[in-house]
Amino acid sequence: LELQVSADVDPYFKGSAIAAVDLEGAEMETAEIETTCLPWGFKLRGGKFFSDFGYINAQHSHQWDFVDQPLIYQATLGAHGLNEKGVQATWLAPTPFYCLAGTEVFQGENESMFAYHGEEPLPTHDGPRLGVGWLKCGPNLPGRHALQFGTFLAAGNHQEAHDGDGDGLEDHWLDGDSGFWGGDAVYKYNAPQTHGEGDVIVQGEYFARERDLDIVAHDLEPGFIGSRRLDEQDGYYVQTVYGFLPRWRAGLRWDQIGLQNETTLPDGSVVEADASDRMAAMVDFTPSEFSRLRLQFNQGNYETAEGREAVAEVFVQCMVSIGAHGAHKF
């Protein structure tokens, strides 16, 4: 359950906050303030918010065209994507086509890629510890067609603490740098029929990440102190959604992770793993702009520590929106 509060504060600022509530408790998912009056196409934003890199990271789950995230997002940034406390500056260039550039600075607290412990024996790093930059451009297509391209990169600090012998106590610690980069593309066709019939959306993203860490302490193998561990992985997804009847849509998604999937261990050995892939098919029905019903089937083939594993999943989803709801981004 998401509870949202938003309003224009005055001629200079607008603000919004979203509280996410589940059976385990509640948390402040976003809480942000944004300028509305800066000249020359500039805009500032601050608080806790989703990074605008790529295409789906800034979307809340009810905006997704499928029930779940692509594999590369799940493995790299976790279920909540890149959502942190920080500031953002964007510039809408005075070009004859759409061109938006953005830079973001965050504290760096994502457990999957930019974790920070800051306790002995790990070194301390003052925040902010993560920087993100991105660019989005859209050519002027004729009629009902629209296209947007994007590119992005991020770099920050990352720390890990592990229990190597399984006794429940941490016994070795790593500190270093983490980063990712990639690109995205989205095409949309807005058909002249009513209620989404004939509409087409085609989108895809490529995502590569690297973690370069040094062992700063190791109770079990002191000789590994100062050694390096390097993790490299990439992935992508492509999907299309088509409105085959008024209020009815069908979609297909293919995603794959681990075209490059290797770890260079402190002893110099390299561990490689095969890629994992998944095909998803969905159909949804939208009775009104306030509700949606969806049926989805996934067939995945995953590389695990125990070997190759095939997994079939079926999802039934119902979403409702109560009260005023602003339009979503492109």
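Two residues are in contact when heavy atoms of theirs lie within 4.5 Å. The exercises below concern a predicted model.

**Exercise 1. The core around Phe180**

Identify the residues with the most contacts inside the largest nonpolar core, and list what Phe180 touches beyond its neighbours within four places in sequence.

*Solution.*
1. The largest nonpolar core comprises 24 residues, and Phe53, Val132, Phe180 and Phe207 have the most contacts inside it.
2. Two or more residues of this core come from each of helix 1 (71-77), strand 6 (98-106), strand 7 (130-138), strand 8 (145-162) and strand 9 (172-189).
3. Helix 1 supplies the largest share, 4 residues.
4. With neighbours within four places set aside, Phe180 is in contact with Phe53, Leu77, Leu82, Met113, Phe114, Phe152, Leu153, Ala154, Phe207, Ala208 and Arg209.

**Exercise 2. Salt bridges of strands 12, 14 and 16**

Determine which partners Arg253, Arg278 and Asp277 have in salt bridges, and state whether the residues involved are buried or partly exposed.

*Solution.*
1. The total for the structure is 20 salt bridges.
2. Arg253 pairs with Asp68, the closest N and O atoms being 2.9 Å apart. Arg253 belongs to strand 12 (residues 248-264) and Asp68 to the loop between strand 4 and helix 1, so this pair links distant parts of the chain, 185 residues apart.
3. Buried means under 20% relative accessible area. Arg253, at 1%, is therefore buried, and Asp68, at 13%, is buried as well.
4. Arg278 pairs with Asp255 at 3.1 Å between the closest N and O atoms. Because Arg278 lies in strand 14 (residues 276-288) and Asp255 in strand 12, the bridge ties together parts 23 residues apart in sequence. Both Arg278 and Asp255 are buried.
5. Asp277 meets Arg308 in a salt bridge (3.5 Å, N to O). Asp277 is in strand 14 and Arg308 in strand 16 (residues 307-320), so parts 31 residues apart in sequence are tied together. Asp277 is buried at 13%, whereas Arg308 is partly exposed at 44%.
6. Glu32, Arg45, Asp52 and Lys329 are joined into one network by salt bridges that share partners.

**Exercise 3. The surface and the cysteines**

Locate Trp40, name the nonpolar surface patch that contains Trp40, and report how many disulfides the structure holds.

*Solution.*
1. Trp40 sits in the loop between strand 3 (25-35) and strand 4 (42-50).
2. Exposed means over 50% relative accessible area; Trp40 has 72% and so is exposed.
3. Trp40 forms a nonpolar surface patch with Leu38, Phe42, Leu44 and Trp91, and together they have about 560 Å² of accessible area.
4. The structure holds 0 disulfides. Cys37 is partly exposed at 40% relative accessible area, and Cys318 is exposed at 55%.

Conventions. Residues numbered from 1 in each chain as written. Predicted model: local features only at pLDDT ≥ 70, side-chain atom pairs only at ≥ 80, totals over all residues. Heavy atoms only, no water. Patch = residues over 30% accessible without salt bridge, like charges linked within 9 Å, V, L, I, M, F, W, Y side chains within 5 Å. Areas by Shrake-Rupley, 256 points an atom, 1.4 Å probe, with all protein chains shown as cover. Salt bridge = Lys/Arg side-chain N within 4 Å of Asp/Glu carboxyl O. Buried < 20%, exposed > 50% of the residue type's maximum accessible area, 1.4 Å probe, protein only. Core = buried A, V, L, I, M, F, W, Y, C linked by side-chain atoms within 4.5 Å. Disulfide = S-S within 2.5 Å.
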